Amino acid sequence: MPPVKPAAQTLHLLKLCVGPASIGELEARIARSREAALREGRDPAPVHTTRMVPTRAADIVGRGSIYWVIKGTLLCRQSISAITPFTDADGIGRCRLILQPEVTAVSPRPCRP
């Protein structure tokens, strides 16, 4: 009898939110980005670009979230719907995290970078 493969575990990412000082400012940035994308004919889904492709992307996509640390406090999260690796103009490997537009507040807690 073949070994039973364990069920996939849901993983989440924890990231520093640079720029916005509140959940409202993060939501406003997402709205501005969406409007600009629609004007330019691009996909309006929120995107966060990062250097590293998560090694366990399959455990994140569709189930996991990115938890945002704003001003030293974990305040909110966004669901991750896709992870797409790419190479930028300088030939450096990067990764796009395609997010859901909804920002969900969580119980605030202090969080160091």
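Here is a short walk through this structure, from its nonpolar core to its salt bridges and then to its last strand.

The model is predicted, so a word on the ground rules: local features need pLDDT of at least 70, side-chain atom pairs count only at pLDDT 80 or more, and totals for chains, interfaces and linings use all residues. Residues are numbered from 1 along each chain as its sequence is written, and side-chain values use heavy atoms, with hydrogens and water left out.

Let us begin with the core. A nonpolar core here is a set of buried Ala, Val, Leu, Ile, Met, Phe, Trp, Tyr and Cys residues joined through side-chain atoms within 4.5 Å. Buried means under 20% relative accessible area, exposed means over 50%, and partly exposed lies in between (1.4 Å probe, protein chains only). The largest such core has 17 residues, and the members that touch the most other members are L26, I66, W68, I80, I83 and L97. Two or more residues each come from α1 (23-40), β3 (65-70), β4 (73-87) and β5 (93-99). Of these elements, β4 gives the most, with four residues. The element names follow DSSP runs numbered from the N terminus: helices are H or I runs of at least four residues, and strands are E runs of at least two. As general background, nonpolar side chains tend to be buried together in soluble globular proteins.

I66 is a good place to look closely. Contact means heavy atoms within 4.5 Å. Setting aside neighbours within four places in sequence, I66 is in contact with L13, K15, H48, C76, R77, Q78, I80, L97 and L99.

Strand β3 also holds S65, which is buried at 2% relative accessibility. The side chains of S65 and R77 are joined by a polar contact of 2.9 Å. That term covers a pair of N or O atoms within 3.5 Å; within protein, one must be able to donate a hydrogen and the other to accept it, and residues adjacent in sequence count only if both atoms are side-chain atoms. Beyond four places in sequence, the contacts of S65 are L11, H12, L13, R77, Q78, S79 and I80.

Now for the charged pairs. A salt bridge is a side-chain nitrogen of Lys or Arg within 4 Å of a carboxyl oxygen of Asp or Glu, and a search of the whole structure finds four. E40 pairs with R42, with the closest N and O atoms 2.8 Å apart; E40 is exposed at 55%, while R42 is partly exposed at 45%. D88 and R94 meet at 3.0 Å, N to O, where D88 is buried at 18% and R94 is partly exposed at 23%. Salt bridges that share partners also join R56, D59 and R63 into one network. Within it, the closest N and O atoms of R63 and D59 are 3.6 Å apart.

Finally, consider β6 (residues 104-110), which is hardly covered: none of its seven residues is buried. Four bridges join β6 to β4, and the two strands run antiparallel; strands pair if DSSP finds at least two bridges between them. One of the bridge partners is P110 in β6, matched with T73. Just past this strand, C111 lies in the segment after β6 and is buried at 11%. Leaving out neighbours within four places, C111 is in contact with L14, V69, G72, T73 and L74. The C-alpha atoms of C111 and I70 are separated by 9.0 Å, although the two residues are 41 residues apart along the chain.
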